[in-house]
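Let us take a walk through this structure together, stopping at a ring, a pocket and a few sulfur atoms on the way. Have your viewer ready.

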Amino acid sequence: MSGAKHKDMEWITVQRAMTKEGIKISFKENRQYIMAKDQYSATAHDNYMSMAIAIRDRVVERWILTQERYHKQKLKRVYYLSLEFLIGRLLGNNVLNLGIWDPSWQALQELGFDPEQMRDEETDAGLGNGGLGRLAACFLDSMATLGIPGYGYGIRYDYGIFNQRIENGFQVECPDEWLQLGNPWEFVRPEYAVRVRFYGHTRMYHDRNGKLRVEWYDTKDVLAEPYDMPVPGYKNDVVNTLRLWSARSPQEFDFEYFNDGDYERAVFNQVNSESISKVLYPNDMLIRGKELRLKQEYFFTAASISDILRRFKADHDDIRLFPKKNVIQLNDTHPALAIIELLRILIDDEDLDWDTAWQITTESFAYTNHTVMPEALEKWTVPMLQELLPRHVQLIFEINHRFLREVANRFPWDNSRLGRMSIIEESNPKQIRMAHLSIIGSHAVNGVSELHSQLLKDQLFKDFYELWPEKFQNKTNGITPRRWLRKANPSLSDLIIQKIGDGWVTRLDELEKLLPYAADRDFQRQWRQIKEENKKNLAAVIKASVGISVNPQAIFDVQVKRIHEYKRQLMLCLYTIAYYLKVKNNSRHDFLPRVFIFSGKAAPGYAMAKMIIKFITRTAEIINDDRGVRGLIKVVFLPNYRVSLAERIFPGSDLSEQISLAGTEASGTGCMKFMLNGALTIGTLDGANIEMKNAVGDENMFIFGLNAAQVQDIRGAGYNPLAYIQHSPALKEIVALLKANFFSPLEPGLFDPILRSLTKTDPYLVCADFDLYCAAQERVAEEYRDPELWTRKSIINTAKSGYFSSDRTIAEYARDIWDTSCTYCR
């Protein structure tokens, strides 16, 4: 090798090195040659992009090697299909997982930058609405960390979940233009674009061999163009792939219309096609919104199935091997049409007989359910699906015919069972039950907490469990400790590492080694100091966001999650009012200072959820403006809840509000993030709260309220909320204030929907649980006054959170459902 070439190779080695100097060199090169800027002309975002690309290049090297290994070893692949991936910001996460945290930030500091400010330049990738999408992101992180050959498939929305502003106390939705300044983490792959068909007609005919065939013709097509994002595992050189599909027209520009002067029609196909991936969750209160949502679901599942088959065929000739080399996990029912799409291809394109095609299909799919409420189960009207996907409707009806014949043979003369289990709901118009399709078309079905999975078997899918008990499993959700403790709470992480080492980052149950230190006064002092600093940081976020000054010495009582009636943000709001009235009426009492913190978004079409936000913000105005209670109570609603904001909230929280009505929350993962960061939980026996209680012990949580069986009994007996209001002085006073328009004197009747809900229907039994909740809050106040007791319980909560790692969850999927290799599983 010549001297010049040798020097070039040395330069490339230094430039790509996982060192401070290598990162500095990469940063400067990127700023000059990719951003085409110098230190004077570069904006803050240019500098962020230069750093992100420097880190990305180091990820890409490992990405290519990982994919080469999967291909050469012909490993079984896991495909995770989800309409949401709430991945948040990636710079810090990728730096952490590459194992170059210190050299990266040292490089930035030596270049004159504040690492925290640079990380704030990154826009959250708002590709999800809440728990479903965040769970998917945690699962991808765990698959890579465990060495599982995994891929995520979703949609590259031009506009993610909306940005939320609060104007006059109301939620206002604004476009989330997360791609406006570019995304340094993605790579467009136009060579793998897939043609996705909609509409058209079908005709049956016999081929030259006399076999009955079906042709789907005269379709309107859309191109699905893939964008790939690397997903690095933690310090293991494994990098998996998240592939997101973007919609575009096969014919983006029509010259004939353009030449005729019809400029709008010239680009009509492009605009119409691209609307499919334009926005996350269009408002489905309107028919056009429903149709667009259905198009999104088929668009990404059809493209994904085509891509999976292409990758399989690159390594294998026999399509019958497909289930042995691939498993497709459906994250809820949004991707359920993938079952029909694979079946369609196997029958229509691969020329397989029905029985063989159906066996391959069912052996390839597994379904995760995420709801216990029947009204939340997804359904699509037959006429809409018939117009959009005529061939798929034919296949669904054939599946249903064969399935009901099997049920009738197993349970003869039970016609009501046939009606309950049918994929087709005999309503007007007829509807297709996507959950039923998912169960029938999958080899495994799982819930996401012990209670949830039991309720599926006992209530929601009881008939299916009686038919196929072997299909049903539980896989309690989990969270990645890399993002939610190591990255989000570095001070606490460093303290833990000083005491027990860093094995917990990938073996979270090693946190139990903290238990001997729970009563150690010196360790408690250090633990409290870190919590106080985190609370000061959160107080600064609150001040910068909404202009409210809060006391870090007060207890930070926090409820952050999607706004929904069953999650009962209303109950916490009512308690803030009750506490406020108590302070006003007992001025000499020694009250515990409290800061109540809310955050979350309501679906644009969900009127009651949006009214609850208005009620919270109005309550906050009244309390925060009352000088008589200043220093004792503050109420804060932080707008635009997102992953990066959550990373600042969890470390600074004292009390975690997990107060959904028992039997309504499938699992919940916010509860786990609070627990991991040392917050204590006040909650009902719902979702994962039950398993948290089993792990940490009753004495280290504040459990209250009805259990799921009691809720069922009360509803069955005819629930009357007024009876509970009459027996609760606090509720009675609040209801009287609502009736008197105390909270809206200038807008009488504004909160009548909330008043009617509380007094007439109270669908989620707020009134039934309210006094029990208040009593639990009294226990909270009593224990918080004892710093040593509270800190000991905080340490125990963190120490016992090991079960709630997404690594454990994914290892269980790999073992029990996917039957796939797991390099780093125990």
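Please keep in mind that this is a predicted model. A good place to begin is Tyr465, which counts as partly exposed because its relative accessibility is 29%. Its ring partner is Phe472: the two centres are 5.7 Å apart and the planes meet at 85 degrees, an edge-to-face arrangement. Phe472, at 9% relative accessibility, counts as buried.

That pair belongs to a wider set of ring contacts. A pair of aromatic rings is described by the distance of the centres and the angle of the planes. The count for this structure comes to 33 aromatic pairs. In one of them, Tyr79 and Tyr153 have ring centres 5.8 Å apart and planes at 35 degrees, so this pair is tilted. Tyr79 sits in strand β1 (residues 77-81) and Tyr153 in strand β4 (residues 150-155), so their contact ties together parts that are 74 residues apart in sequence. Tyr79 and Tyr153 are both buried. Elsewhere, ring pairs join Tyr575, Tyr579, Phe591, Phe596, Phe704 and Tyr773 into a cluster.

Rings also meet charges here. Arg156 lies over the face of Tyr227, at 3.8 Å from the ring centre. Lys471 is placed over the face of Trp468, also at 3.8 Å from the ring centre.

Now turn from contacts to empty space. Rolling a probe the size of a water molecule over the atoms shows where such space is left. The second largest pocket holds about 850 Å³. It is lined by 39 residues, and the closest to its centre are Trp101, Glu116, Arg119, Lys487 and Pro490. Which helix gives the most to this lining? It is α23, with seven residues. Helices that each supply at least two lining residues include α4 (91-98), α5 (101-110), α6 (115-120) and α22 (490-500). Sorted by class, the lining has 18 nonpolar, seven polar and 14 charged residues.

Our last stop is the cysteines. How many disulfides does the structure hold? The number is zero. Take Cys671: the closest cysteine sulfur, in Cys138, is 12 Å from its own sulfur, too far for a bond, since a disulfide needs the two sulfur atoms within 2.5 Å. Cys767 is likewise in no disulfide, with the nearest cysteine sulfur, that of Cys774, 11 Å away. Cys671 is buried, with a relative accessible area of 1%, and Cys767 is buried too, at 3%.

Technical notes: Residues are numbered from 1 along each chain as its sequence is written. This is a predicted model: local features need pLDDT of at least 70, side-chain atom pairs count only at pLDDT 80 or more; totals for chains, interfaces and linings use all residues. Side-chain values use heavy atoms; hydrogens and water are left out. Rings of Phe, Tyr and Trp (its six-membered ring) pair if their centres lie within 6.5 Å; planes under 30 degrees apart count as stacked, over 60 as edge-to-face and the rest as tilted. Helices (H or I, at least four residues) and strands (E, at least two) are DSSP runs, numbered from the N terminus. Buried means under 20% relative accessible area, exposed over 50%, partly exposed in between (1.4 Å probe, protein chains only). A charge sits over a ring if NZ of Lys or CZ of Arg is within 6 Å of the ring centre and within 35 degrees of the ring normal. On a 1 Å grid over the protein atoms alone, a cavity is a set of points where a 1.4 Å probe fits but cannot get out, and a pocket is an open set with protein on both sides within 12 Å along at least five of seven lines; lining residues have an atom within 4 Å of a point. Grid points are joined across faces, edges and corners, and a volume is the space filled by probe spheres set on the points. Ala, Val, Leu, Ile, Met, Phe, Trp, Tyr, Cys and Pro count as nonpolar, Asp, Glu, Lys and Arg as charged, and the others, Gly among them, as polar.
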